[in-house]
There are 4 protein chains.
Amino acid sequence: MSHILSGIFPAIITPFNAEGQLDTIALTANIKRWNQYGLRGYVACCSTGEAPLLTDDERAQLIRTVKQTMLEGMTLIAGTGRESTAQTIEACRSAAKNGADAGLVIAPGFFKTLITPEALLKHYRAVAEAAPIPILVYNMPAFTGVTIPPATVLALAEHPNIIGMKDSSGNGPYLNAVIRRKPADFIVLTGNAPTLAQAFLSGADGAVLAVANLIPEICVAMHRATQAQNFAELQRLHKLMQPIAQVVGGSYGIGGLKHAMTLLGYDAGLPRPPLLPATAAQTATIEQTLQDVGLPR
Amino acid sequence: MSHILSGIFPAIITPFNAEGQLDTIALTANIKRWNQYGLRGYVACCSTGEAPLLTDDERAQLIRTVKQTMLEGMTLIAGTGRESTAQTIEACRSAAKNGADAGLVIAPGFFKTLITPEALLKHYRAVAEAAPIPILVYNMPAFTGVTIPPATVLALAEHPNIIGMKDSSGNGPYLNAVIRRKPADFIVLTGNAPTLAQAFLSGADGAVLAVANLIPEICVAMHRATQAQNFAELQRLHKLMQPIAQVVGGSYGIGGLKHAMTLLGYDAGLPRPPLLPATAAQTATIEQTLQDVGLPR
Amino acid sequence: MSHILSGIFPAIITPFNAEGQLDTIALTANIKRWNQYGLRGYVACCSTGEAPLLTDDERAQLIRTVKQTMLEGMTLIAGTGRESTAQTIEACRSAAKNGADAGLVIAPGFFKTLITPEALLKHYRAVAEAAPIPILVYNMPAFTGVTIPPATVLALAEHPNIIGMKDSSGNGPYLNAVIRRKPADFIVLTGNAPTLAQAFLSGADGAVLAVANLIPEICVAMHRATQAQNFAELQRLHKLMQPIAQVVGGSYGIGGLKHAMTLLGYDAGLPRPPLLPATAAQTATIEQTLQDVGLPR
Amino acid sequence: MSHILSGIFPAIITPFNAEGQLDTIALTANIKRWNQYGLRGYVACCSTGEAPLLTDDERAQLIRTVKQTMLEGMTLIAGTGRESTAQTIEACRSAAKNGADAGLVIAPGFFKTLITPEALLKHYRAVAEAAPIPILVYNMPAFTGVTIPPATVLALAEHPNIIGMKDSSGNGPYLNAVIRRKPADFIVLTGNAPTLAQAFLSGADGAVLAVANLIPEICVAMHRATQAQNFAELQRLHKLMQPIAQVVGGSYGIGGLKHAMTLLGYDAGLPRPPLLPATAAQTATIEQTLQDVGLPR
């Protein structure tokens, strides 16, 4: 499967209209624009897409809309992790039915310390057995409070229906511990923009990034510079990426990303409550930062 | 409302049968036994009840079953917090329809740092406005990763439909900061068993406890000793409570609590995946601890 | 030794004069005032005493001054923990020579994760063997980043020259885990003011408190209320203590404590750099808080 | 000053003899071997050098020994941070007298939350004013519990006697926030081996590394590959570095590093108590890891 997963995926935002409803027209417009940048595909229903705030119907509609609008040959990954094993399986089935090529399964995190490595092994294996599409393990400790240990990832990598992982920890030694011992065809995608260049140096196959909603062309260029072993270009893009990554992540949140996207002409709207739009101080910093790096061009 | 919320509430476990389905027969049996211990009421669909692993239908059935089985005069609180404001409102409406007297609204925690005090204020006020039943704010940082600041709780306490809070932080200064400045009729319930006596000394009105599934009589006795200002009795019960609280909380988890309940004759079953049953080492410690304190009697 | 360690000890502040030098005249004046409140003794060279900012000579002078000024029958404990085992032993010898009755040995914390339970066992045993005075183990995770596990404390409690512990974690289950299994003559002192009443309920023998610099009479009264099993009095004092404990601990720091002491007529001065005096906002809150609880009387 | 600080510095270990005393013969032998690898200089009395476990006399002797043995043109940096401002100044004076070219001043960390940005500004400025040699700010949150905010570093960078910083956080966005806005001649050295390549991509001038005790040639080669913009070589060395960095840092500690050095023929000895030698499990992993990467060659 590695050819369909190697490259850059935006963790696409979910646009809502003025009434707070899913705006498939805006979504379609964004996808058509993204389609021109050389992306490997899309990840829908990810945390950047406010998936925990969507209904099951909205998730299905979202997946279908991406499927219809993306280019042929692109890969559609859907976030399908839930707190319960049974509901995670159900989400994989639904995503498959609506056109997803793979499920990205975030570790269940509500119960924190109770989600032991053994619980993770059982959960992911049960999901992998039952899911009609291949799945990727998703390590996102900042949101879940749970780190999937590298040894657990490597044990799961042996399952034929677990084809890769996304790691958003930004923890270099973690990523490296997985990459060093993984089977050759187990795909590793990073979800951390500030360490993207380091992830590529370490051998990551690609990335699923919030920032790729905003600057897909820069993310794709970093991947290409890596493949071309072009040091000067990778360094240039790495330095360009850093300030942008800082203001469309962390405490700036999804409101900040959506504001930045609006500035660059995307149809992004506002986040859904309880998430707030970017504050005035945040929008000012975002605007200054984009201007500093020469965006929009 | 304070008379209907002052006292001990178990955060009731949800029994599942051998097929993993909600077992209302077991639930009914447990409630009938709990009914004899002087509890103030029940909290259904709480984290101890594995609410994040239940479907909406199961939650409704659970609430209805408790409502039908509890004694007249008891209060039924239902966990109604969700990640989105809209779904939280919907959960309050559903709980009310099924018989809940109040909604216990855990802070949305998936997005962690994005859930600012301002986001919390807007969320809880929107929920309070729309909910057909009064709500309690629920601070549970260990699971949500979000602390609702005391100043936010106090601001929310002014809303007529926000009648109290549950605090499971176990943080004495936090609880005290709320109690010192709260309106007289704003109810404060602790959710932390090891610090129960301290919470009572600080002026808490009652408690919502996982351990009250197992030893409701000891929890109720601690509340009564406090009301009677009986130091020796409170100290005796406090010391009795400590080892029990340690093995039915923390890393022992819901699997540990359910195992301990089974040992004492409750119909508790096993947790739902990905939660695991207690390990052999855990069950041995639980059995030894109960024996040490003379349970079952 | 338990009779000489049961009760309240202030973790005494170290006054500096306008030139930043140790002010033994101010110290003597403070001790003479403290002497009238029924304290069990004093702890010199503790973190509240800014020990990490003192020279060895200053520490010796401080210990000698307390020794000369305290009442007969009082106990003098000196902070003697250092990062190296050898220097900790040397500090115990020096403290003994200058009149200390016991050494309070904080866990070495600079190297954090390298200070394993095994390292702690070897360190404390080597110190206990070589020290000419008995020692107390000191658990202070907020400053050291190291928690001495209860099992390690209990293993150390078997050593004849390790006579007790001070626990400043404020963690109720931790304190309780030690108290439940400790030898009868192993003394447990709490160092956490907000949870003082709970520590007494759990069976702590006494306390070493920063706040006892400021309100020794209230701390002593809480100890006496516990011994008298006087619930109403303990509860009254607990509620009185809470707001005071909050503004002379935590982020208010030693500058805040010294300011509060000055307001109540002690000769406290300012902290030594890099510690800062309380900010204007902090002093305002401190003044308001003392006024709220009716201090000075 | 940037030419004398750009490149690789080992944070040199301090060898002790069988009696636990400073072993200057071993130290001299190690330096003579290190001298041949193209290092920019040495950092003595750093945390890797167990500085918190050394006496003032030992520190002086250590600095003098390095000074006498290093090659002409090399730079000698000495760790001179202490908890008090006054003692830090005294340490800078002593280091200068004994031959240090610059002082590396770790943030005072014992009092954690009390070490505010304002306290850090005053502390570093007072030290910079009084120190007879230039100083570098040292951010090491894992050991101190204090993060020096980028804005504080940038404010300090304006002082003529504060010539640079070492950052051991391993936090890419932190490093980048400093590098993007720093004055051109303000030197930034990373202290985090796993992220060395990323630090170079971000524009770091060099590194102070524990792992450079063991594999100075690989560290120097990574610096040179960066200067030569040789992508393939940097990537090869980055992958080689990762497993080594993992077993000579983190929980393996100084005992692990010293063991690995002994395996490669350095005269390293054992750490000083309370630090422990590497455990049997750790030495086995270290040996396997070195063998995996073909060391010794």
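Two strands count as paired if DSSP finds at least two bridges between them. That rule applies here to a predicted model, in which local features need pLDDT of at least 70, side-chain atom pairs count only at pLDDT 80 or more, and totals for chains, interfaces and linings use all residues. Residues are numbered from 1 along each chain as its sequence is written, chains are lettered from A and ligands numbered from 1 in the order in which they are written, and side-chain values use heavy atoms, with hydrogens and water left out. This briefing covers two interfaces of chain A, a strand of chain B, one histidine of chain D and three salt bridges.

**Interface of chain A and chain B**

- The contact (heavy atoms within 4.5 Å) takes 34 residues from chain A and 34 residues from chain B.
- About 2,800 Å² is buried between chain A and chain B, and carbon and sulfur atoms account for 74% of it; buried area is the accessible area (1.4 Å probe) that two parts lose on being put together, summed over both.
- The rule finds zero salt bridges across this interface; a salt bridge requires a side-chain nitrogen of Lys or Arg within 4 Å of a carboxyl oxygen of Asp or Glu.
- Six residue pairs, both members at pLDDT 80 or more, are in polar contact between chain A and chain B. A polar contact is a pair of N or O atoms within 3.5 Å; within protein, one must be able to donate a hydrogen and the other to accept it, and residues adjacent in sequence count only if both atoms are side-chain atoms.
- On the side of chain A that touches chain B, two or more residues each come from α4 (85-97), α5 (117-130), α6 (141-144) and α12 (253-263) of chain A. These elements are DSSP runs numbered from the N terminus, with helices (H or I) of at least four residues and strands (E) of at least two.
- α5(A) gives the most to that side, with four residues.
- By class, the side of chain A that touches chain B has 18 nonpolar, 11 polar and five charged residues. Ala, Val, Leu, Ile, Met, Phe, Trp, Tyr, Cys and Pro count as nonpolar, Asp, Glu, Lys and Arg as charged, and the others, Gly among them, as polar.

**Interface of chain A and chain D**

- Here 25 residues of chain A are in contact with 25 residues of chain D.
- The buried area is about 2,300 Å², with 59% from carbon and sulfur atoms.
- In chain A, the residues that lose the most area to chain D are A:Q198, A:L201 and A:F231, together 33% of what that side buries.
- Nine residue pairs are in polar contact across the interface of chain A and chain D, both at pLDDT 80 or more, and the rule finds zero salt bridges there.
- α8 (172-181), α9 (196-202) and α11 (231-247) of chain A each supply at least two residues of the side that touches chain D, and α11(A) gives the most, with nine residues.
- That side of chain A has 10 nonpolar, 12 polar and three charged residues.

**Strand β3 of chain B**

- Five of the five residues of β3(B) (residues 75-79) are buried, so the strand is largely enclosed by the rest of the structure. Buried means under 20% relative accessible area, exposed over 50%, and partly exposed in between (1.4 Å probe, protein chains only).
- One face of β3(B) carries B:T75, B:I77 and B:G79 and the other B:L76 and B:A78, all buried.
- Strand β2 (residues 41-44) of chain B runs parallel to β3(B), joined by four bridges, and B:Y42 stands opposite B:L76.

**D:H123**

- D:H123 is found in helix α4 (residues 117-130) of chain D and is buried at a relative accessible area of 1%.
- Leaving aside neighbours within four places in sequence, D:H123 is in contact with C:P274, D:R82, D:S84, D:T85, D:T88, D:V105 and D:P108.

**Salt bridges**

- Over all chains the count comes to 24 salt bridges.
- B:D56 and B:R59 form a salt bridge at 3.2 Å, N to O. Both are in helix α2 (residues 56-69) of chain B, three residues apart and separated by about one helical turn.
- B:D56 is exposed at 55% relative accessible area, whereas B:R59 is buried at 12%.
- In the salt bridge of C:D101 with C:K67, the closest N and O atoms are 3.6 Å apart. C:D101 is partly exposed at 24% relative accessible area, and C:K67 is partly exposed at 34%.
- D:R272 forms a salt bridge with D:E58, with the closest N and O atoms 2.8 Å apart. D:R272 lies in the loop between α11 (253-263) and α12 (280-292) of chain D and D:E58 in helix α2 (residues 56-69) of chain D, so the pair ties together parts 214 residues apart in sequence.
- D:R272 is buried at 12% relative accessibility, and D:E58 is buried at 10%.
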